[in-house]
Structures are given as C-alpha cells and as structure tokens.
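Visitor: Hello! I am new to protein structures, and I would like to learn how to read one.
Guide: Welcome! Let us open it and go through it step by step.

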Amino acid sequence: MNCRQTSPNPDGTLMTPRQPRTAPTRAAEPPAERPAYDLADAHLLPTPEPIQLVTPEGSPVADPRLPMPDTDTLVRAHDLMVQGRRFNDQAHALVRQGRLAVYPSSHGQEACQVAAAMVLEDQDWLFPTYRDTVAAMVKGVDPVQILLLLAGDWHAGYDPYAHCCAPTATPLATQLVHAAGVGYAARVKGERTVVVAMCGDGATSEGDFHEALNFAAVFKAPVIFLVQNNEFAISVPLSRQTAAPSLAAKAIGYGMPGKRVDGNDVAALLAVLGEAVDRARAGEGPTLVEAHTYRMQAHTNADDATRYRSSEAVKEWEPRDPILRSQAHLLSLGAIDDEHATALTQRVEEMAAEMRLGMSAERELDPTVLFDHVFATPTPQLREQRAQLLDELAREEAAK
Amino acid sequence: MSPMPSADSPVPHVEKITVMQALNRAMRDALRHDETVHVLGEDVGTLGGVFRVTDGLTKEFGERCFDTPLAESGIMGFAIGMAMGGLRPIVEMQFDAFAYPAFEQITSHVAKMRNRTKGQVHLPMVIRIPYGGGIGGVEHHCDSSESYYTHTPGLTVVAPSNPADAYHLLRAAIASPDPVIVMEPKRLYWSKAEVDLSRPRPGIGKAAIVREGKDATIIAYGQSVPVALEAAEVAKREGRDLQVVDLRSLVPFDDATVMAAVASTGRAVVVAEAQGFSSFSSEVAARIGERCFHSLAAPVRRVTGFDIPYPPPKLEKHYLVSVDRILDAVDSLQWEDQ
C-alpha cells in the first residue's frame, strides 16, 4: 500500500476520550450520615408468614394484620374469580379444538389475577404477562381480543390505551422496567396514575427484575410489583431461582417494603395490594408483593408437568383453591346464596359462549398489515416489499 | 460551553461549532421547545456526560436531564415506559459497546412496539450512541455497532458526519413519532465547521452528495465521511474525480440518491469503519449490485474494518479505514486506462 496519507486521522488529530468509563468519572459522594444497617429499615422486611385474612376453610383470621375488605367488594371479587376460572377453562378447551396455538393457564391463581386489576382505577396501568390474561380481562379488555395473540392473529390483539393495559408480555421481566417508566412519566406529569406490574417467580431471576425494582425505588415511581410465586418456572422449582429467604425479602435491598401474602386468599390480596396502591398514589413509592400460590396445571397445554412434579403435590393444593375459599367465606356471611350462584353461572356461560363464537369466527386477515405499522410512515423499501406481496397474491388469485 | 442562542430563531447566524456543541444545542432547543422532552442516562446530569454532550442541560432544565442508576437495560426499558406515558425521552448510551445490555429492550421492545400494537402504542424516543474508534479508547469503547440496529425492523438509524447534520438529524429524531437511533461519530465530536443552524437540512431518509465527481462514487456515513472526502481530495491531485455521498440516514435508506449517483459514475466504493462481514456496508453494496448492475463498469468494492474485534489503541491504525485503502479500492475499479 502506498503512503499517500500524511496524518494518522483525517482531521489530523488523535483524539482520546476525556472521560472513558474505565476512569473515575464521579466526584466522591459525601459519606451518608447513617449506620451501615439501620434498624429503622426493618419495616421493609416481609412478615415471616404470608398475610392471610381468610383461612382455606373460609373462616376470617382471628388476628388480621389488615382490615377485611367490605363484603360487596369480596362478592365482586368472588364473581370475577368464577368468571376468570371459566375464562381459563374455556381457553384451555379452545387449544384442544385447535382454535388457539397454546394457553398458559392461571387456573388456581385467580385470586391474584382478580385482585391485581380490582385495586386499580380506570387511569391506572396494568402490565400483565402471558399468564395474566384473566387480570387483563378484569381490567376491562375484551376476552376475545386478549386471545388474538394466542390464536395467531396478531401480537397484541387490543388497544393498550383503551383500558390502560399493556400488551401481555412474553419475554420475562422486560415489562417491569416499562412499568417503572410509565409510573415515572405519571409522576412527572402530576397524574394520580399508579401501575401494577406482574411477573412470576422465575422472572425474579432476570436482570430486568432487578433493574425495574431499582429504578422504581430510586425514582419513587408509583408501581406495585406483584410476583405470583406459583413455585415453578415451566419445570424448574423456586429453589433453583433463589436462595433468598423469600422473594419479598429482596425488597429491602431496593429500599422498598416487601409483603408476603397468601396468594389464594383474595381478601388478603385486595387488602395488601390496596394498601400498596394507596401508598404509591400518595407518592411514597413502590412496593414488592409476593403472593404464594400454585400453578395447578402444566405450564401450557404443550407441557407435561408429570415429568417434574408429582400429582400428590398438586393435590395438596386443591383444598386451598381460592374460589372454594371465598365461596365458603361469603356463604358463612350470608353474602351469596343459590340464586346468586345461578345468576353468576348464567353470566359466565354467556362469556364462554362469546369466547367460543369469537374464536370460531373466520377472521379476515389482510397480509398487507404486516408492512403498515413497522414505522409511522413505511420506508420506500417497505413500500416496495408490500407491492411485491400484493403482486404475488394477485398472481395466486389469478392462477386459481 | 457557554449558553447559546436558540437555533429555532429564523435569523441567519453563521457560527463555528463542533459536532458536540451541535448535539448539545439540538437537545437544548428541543427541551425549550417541548416540555415532554427528557434526557436520561449515565453521568448526563451534573457532569454533562463523559463527552460533555449534555453539558449545562441539568443546570437549565433540572430533572428533565437526569442521571439514572448504572444499568443500560433499565435505562432503555424505563425510557420505553416514559414514552408510553406521553414523554419524549432521549437516552444516552455512554459508549457503543455499553449499549449491549440494552439489546433486548431495543430489539424486542423499542423496535416492535408500534407493530405489535398496530400503531396504537408508538415510542417517540431517541437513543444516542457515541460510536466508533480512532480515539485511542480501550476495549469496549470503540465499536461500530450500527449494523445490529439497521438489521432490526422498526428502528430508524441516522449517522451524522458534521455539525449541521448533527443538529438537524437529532432535532428530527426528537420530533419523530418513531424511535430513532443516532449513531454519533465520537471521533468527530470536537471537529468544527461554520454552520448556520437556521438553514434547513434534508430530513431523515435523505442522503447528500457532499462532493460532486464523475469518475467514481464513494459512499460513506458518520465518521468515515471526512476520510472519504480527504481521499477524494488526494485522488483529484492524481487525476481522478471522485463523487462522495454522505448517507446521513441508514434507515430509511435513500436508494434514489445513491443509485442515481452510482449510475452517473458507473463505479462505487462503500466505506464504513465497522467490520465488513454481514454488515450495513454489505447491504449497500448488495443494493447497488441489484439495482445498478447495468450501469456498473466494475464490481462494487467495500472498504471496511477487518473482521476482528476492535483493536487496542496502539494497533487501531491498522484497522481504521484510511485514505490509502479507499484509493487502493478506487484503483481496482477496472479503469480502461490501466
């Protein structure tokens, strides 16, 4: 190669970064005037036992740590759990009929699903995962639209802004950071919005779980992180996710309160989440809530749970079913009766029929939509490719 | 950096500023113009960024230019939420390779949100990434990472090469309804030019012919543009008249300008600092081959970095695109007089 160039760089300089990250870039912070461990922070630790307001048999707990929600609210929660159970079981059946590709059911976790959305107002945001379809329904999203993702029609089948419900998240924990950002934006704009962000026990191992909680705590974002600890991440038990004394115990590491709650006790969930929502709305920052529950069915229809857990282990959880519990409790209060149950059954069967109808309908899918929302304005290249597809389709049509 | 007047003023005002000052001014003007604009990142607050690109913004705008915890995925995800919540965040990734922890957030969420919600949720956010080498930086500080982003549908990617484009492309990025990645040429942060920022520039999606020439077309972007221009200057002394195209916008790609330019000369060399294999420069070369084949007098050549991890400072001169390498490539374009 000839040496026609005279200087090492075109502008004749050899620049060096003034502050590469490998060099110290921050002035040292003044030492904080607090002991290494402040006993005043102990209130951030969760209670040794999960908070419970109603026993599995349906009796109120003698010494509740929180006030019992009012009976009307409990009846509404019960009805929604029954509706949620029907949603789960109908969706499960739709997979067997080939209408849905797959369904990750929250059967047995309906108390968490219902409470997560019930504690929110219309303008509050919910960030659900793929297993939180019932929570999305309780937030107001149409059941058929929720299932369009799993039916294979489109990635998100509903308008997230219509009910302040983010698309159900498929990657783990990534949505938790978005939730923190939405909470921050609301705080900056002076809105009263709070956010409930959901994940499972497996997701707590992800880096984004840590980053989300840390960001939310540092910026006092009004976010409630609800971890449904259902003991399995597909096949892997909780003991492979963490050696922490509890998932809620992680909260103190971020400087936020951590709460353990019986995840099959909808009364306790409403009370604990409601308190966390009030706290967030008052500007006091985020809370981590760990709900102890159990995944009663396989991860999805495509999973074989007998390969990694015994049916005896699953049976142990059957008497702790959230709907049986709330039913026993409300019957003992005289808040529901046979007439109520009959009307409720009719309502949820109507919903199930709508789900079947919605999923059986031949929905016209326009393939050109594939190009229409990649950018606000399609690039010249996408316009070319869209025209190519239209041409292919026209030729296919002509050949018929 | 002293406070500067707003470039939003229609009054013509010629001044000599650096790329870094132009970027700073773009953010300052946007922050003044639109209260939903926020700047976030590592050290962007009190310090003003490790390269000082956000200098003075926290002083003027308070918490609207703020330091975050040191976690790139968190920064990116947080900005996604801010955008969903109605703000226009500008994220600074401190260095090219430090953006990799945010890769999932960028490729799975920033890029896809509009599409997966059929346009109902869009993310008007800007990701600023100082990229490239030639600054004597140690490992992980000198990557040219643009091809990861140009390969991802849903991301707009721009790469300014001079102060005027730095200002106007960043303003356009902030105003865009879509997420835009601004690949900032860190070696050119301190390079100056006389500019009149009140004069409009071509928008995102438009390439510019920055030097007219009739013998061959050099296509470059970002910090390779000054190298291409210098090569053209040397070539002129040797009797070759080289045209130089500054792509400015990688996505959307300006096929029209590039193909017209190449058709006018019949010879093309694509120049990029990034490793060449499976890179954005490969895409440019392929497009020219597909669209200009019958205008070409010679195969399209590429001048890129070697397919090796970016070298340590004492060896980087062997890696970087040079005037010599560009001229050698031009020499190989099957000239009839040879």
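Guide: We will look at the two chains together, then at domains, then at one residue. This is a predicted model, in which local features need pLDDT of at least 70 and side-chain atom pairs count only at pLDDT 80 or more, while totals for chains, interfaces and linings use all residues. Residues are numbered from 1 along each chain as its sequence is written, chains are lettered from A and ligands numbered from 1 in the order in which they are written, and side-chain values use heavy atoms, leaving out hydrogens and water.

Visitor: How many residues of chain B are in contact with chain A?
Guide: Contact means heavy atoms within 4.5 Å. Here 77 residues of chain B are in contact with 59 residues of chain A.

Visitor: What area do chain B and chain A bury between them?
Guide: The size of an interface is often given as the accessible area lost when the parts come together. Buried area is that loss with a 1.4 Å probe, summed over both parts. For chain B and chain A it is about 5800 Å², 59% of it on carbon and sulfur atoms. F78(B), R116(B) and W190(B) supply 12% of the area that chain B buries against chain A, more than any other three residues.

Visitor: Which side chains meet in a salt bridge between the chains?
Guide: A salt bridge is a side-chain nitrogen of Lys or Arg within 4 Å of a carboxyl oxygen of Asp or Glu. The rule finds 1 across this interface, and E384(A) and R291(B) meet in a salt bridge at 2.8 Å, N to O.

Visitor: Which element gives the most to chain B's side of the interface with chain A?
Guide: Helices (H or I, at least four residues) and strands (E, at least two) are DSSP runs, numbered from the N terminus. α3(B) gives the most to that side, with 11 residues. The residues of this side of chain B divide into 33 nonpolar, 22 polar and 22 charged. In this sorting, Ala, Val, Leu, Ile, Met, Phe, Trp, Tyr, Cys and Pro count as nonpolar, Asp, Glu, Lys and Arg as charged, and the others, Gly among them, as polar.

Visitor: What domains does chain B have?
Guide: Domain bounds come from an automatic or database domain assignment. For chain B it gives domain 1 (17–196) and domain 2 (208–331), with C-alpha centres 26 Å apart. Their contact takes 28 residues from domain 1 of chain B and 20 residues from domain 2 of chain B. These two domains bury about 1900 Å² between them, 51% of it on carbon and sulfur atoms. The rule finds 2 salt bridges across this interface. E273(B) also forms a salt bridge with R187(B), the closest N and O atoms being 3.7 Å apart.

Visitor: And what about chain A's domains?
Guide: The assignment for chain A gives domain 1 (41–360) and domain 2 (369–399). Their centres, taken over C-alpha atoms, are separated by 40 Å.

Visitor: Is R131(A) buried or exposed?
Guide: Buried means under 20% relative accessible area, exposed over 50%, and partly exposed in between (1.4 Å probe, protein chains only). R131(A) is buried because its relative accessible area is 8%. This residue lies in the loop between β1 (125–127) and α3 (133–139) of chain A. Not counting residues up to four places away in sequence, R131(A) touches several residues, including P104(A), N230(A) and H299(A). The side chain of R131(A) also reaches the backbone oxygen of S105(A) at 3.1 Å.

Note on methods. A polar contact is a pair of N or O atoms within 3.5 Å; within protein, one must be able to donate a hydrogen and the other to accept it, and residues adjacent in sequence count only if both atoms are side-chain atoms.
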